[in-house]
Amino acid sequence: MWTLASESTAGDAAPVAARYFAASGGARARSATLSLGDAPGTLLLSLTDDATTRDIPVRELDASERFVAATRTVQLAGGDMLEIDDGRALSRLLTAAGNPDAIVTRWQHSKRAALTALIITIVLAIAGYRWGLPVAADFLAHHTSNDLAALIDRAALAQLDHQTDLTKSRLDTATQDRLRQKFSELTLSLPPAQPVSLVFRRMGNVANAFALPGGTIIVLDGLVNMAPNDDAVLGVLAHELGHVEHRHGLRTLFRSAAVSALAAWYFGDFSSLATVTATLTQLNYSREFEAEADSAALLQMQRHHIDPRQLAELFRRIRDQGGIAAPPKDEATSPEERKEKPGKRWSIPDFLSTHPDIDRRIERFERAGRVSAGKV
Ligand SMILES: [Zn+2]
């Protein structure tokens with residue numbers, strides 16, 4: 001009755017049994033078979049009872065059921081209809097005939113489905129940004145070699161020295177040596193694999209300190225000068241070591257880099273990648289990271305018998321002075337002007353980056369100090 005199409009295209013697309021309903025025939029079903037037609041892109045419909053056949057271009061088919069495995073109805077041009085129980089076989093037949101089923105096409109044409117797809121895409125994008133990106137960034141941060149981290153630090157420090165108002169420290173050698181010695185004692189309880197180093201710089205009277213991603217900790221003269229004693233400075237260093245230990249710098253850096261890379265990919269604007277370098281020198285940790293660094297600092301201070309109340313006192317002095325002394329104001333407004341005067345570009349990272357929380361932090365270190373003093 002029906003003939004198979006050329007062997008080369010027939011493949012495993014076997015003929016499919018169908019029930020045929022003529023538009024003029026009411027509800028009477030006639031037994032039929034659907035198979036590949038001789039001409040490309042056609043199917044051959046063969047009616048069993050009277051041996052008539054009909055060529056049907058696949059593009060005229062309208063396979064309306066979306067579940068492949070279920071019984072599917074196929075609308076034919078002119079109002080005729082087929083019912084096919086073996087949905088999978090029909091799919092194979094349509095694919096072999098050059099129409100990879102109508103499901104996807106129909107789905108794309110459905111407004112509701114398109115809207116659903118759009119919403120799912122947005123939700124996935126947000127979820128990826130909110131959860132996937134930090135997880136990926138954290139994974140990278142924890143698998144970054146010390147060599148690479150050290151390289152990042154060197155580049156960042158060079159950039160800071162070159163493009164900001166950082167200058168050579170004016171602290172006397174004895175003070176530097178003493179702090180270095182105490183710092184190295186402090187680092188003894190860190191994981192041995194983590195390299196750390198201490199660098200002294202000056203920026204006017206700015207009292208601040210910050211850690212670079214690879215473990216380089218920069219202390220500004222202003223901080224040492226404002227501290228009531230070495231314990232307060234060590235408290236700050238312990239806080240910065242907390243950032244290093246928990247890889248906050250690398251994690252922040254990779255998150256920012258990923259966002260920039262995504263933006264570059266999406267908007268086709270690769271200039272945003274340049275901001276990654278800027279991020280290196282302007283690390284602004286999340287409150288979560290700050291709290292974690294404070295916790296790490298408290299632990300270290302406890303281990304090394306450093307009184308947290310000295311750190312609280314340093315905080316108090318900085319607060320009473322009206323916060324960190326503002327860095328020299330950048331008069332330049334346009335990026336071009338900034339390029340011409342790179343020495344003026346600066347933003348304060350870390351240590352006091354959670355400035356509004358300073359009262360809470362004072363209270364936390366005060367309380368911890370009272371508790372440990374009570375134990376002694
Ligand atoms: Zn911090």
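These legends walk through close-up views of one predicted model.

Local features were taken where pLDDT is at least 70 and side-chain atom pairs only at pLDDT 80 or more, while totals for chains, interfaces and linings use all residues. Residues are numbered from 1 along each chain as its sequence is written.

**View 1. The whole chain, with its helices and strands.** Here you can find 14 helices and 11 strands; these are DSSP runs (helices H or I, at least four residues; strands E, at least two), numbered from the N terminus. Of the 376 residues, 34% are buried, a label given when 20 or more other C-beta atoms, placed from the backbone, lie within 10 Å of a residue's own. Taking contacts between residues at least 6 apart in sequence, 62% join residues at least 24 apart; a contact has C-beta atoms, placed from the backbone, within 7 Å.

**View 2. Helix α4, residues 111-142, and its kink.** How many of its 32 residues are buried? Just two, so this helix is hardly covered. Look for glycine 128, the centre of a kink of about 45 degrees; the bend at a residue is the angle between axes fitted to the seven residues ending there and the seven starting there. The end C-alpha atoms of α4 lie 44 Å apart, in agreement with the 46 Å expected, a span of 1.5 Å times one less than the number of residues.

**View 3. The open sheet of seven strands.** Its order is β4-β3-β2-β1-β7-β6-β5, with antiparallel pairing; strands pair if DSSP finds at least two bridges between them. Because β4 (53-57) and β5 (62-63) are the edges, each with a single partner strand, one side of each has no neighbour in the sheet. Further in, β6 (residues 72-75) and β7 (residues 81-84) are joined by four bridges, and arginine 72 has isoleucine 84 of β7 as its bridge partner.

**View 4. The open sheet of four strands, with helix α8.** This sheet runs β8-β9-β11-β10 and its pairing is mixed. Its edges are β8 (167-168) and β10 (209-211). Three bridges link β10 to β11 (residues 216-220) in the antiparallel sense, and phenylalanine 210 has isoleucine 218 of β11 as its bridge partner. Helix α8 packs on this sheet, touching β10 and β11, and its direction makes about 20 degrees with that of β10; the angle is between N-to-C directions, from 0 to 180 degrees, of lines fitted to C-alpha atoms, for helices over the stretch in contact.

**View 5. Helix α8, residues 230-245, in its surroundings.** Because 15 of its 16 residues are buried, α8 is largely enclosed by the rest of the structure. After the helix comes arginine 247, with a positive phi near 55 degrees.

How values were computed: Buried ≥ 20, exposed ≤ 12 C-beta atoms within 10 Å, placed from the backbone. Contact = placed C-beta atoms within 7 Å.
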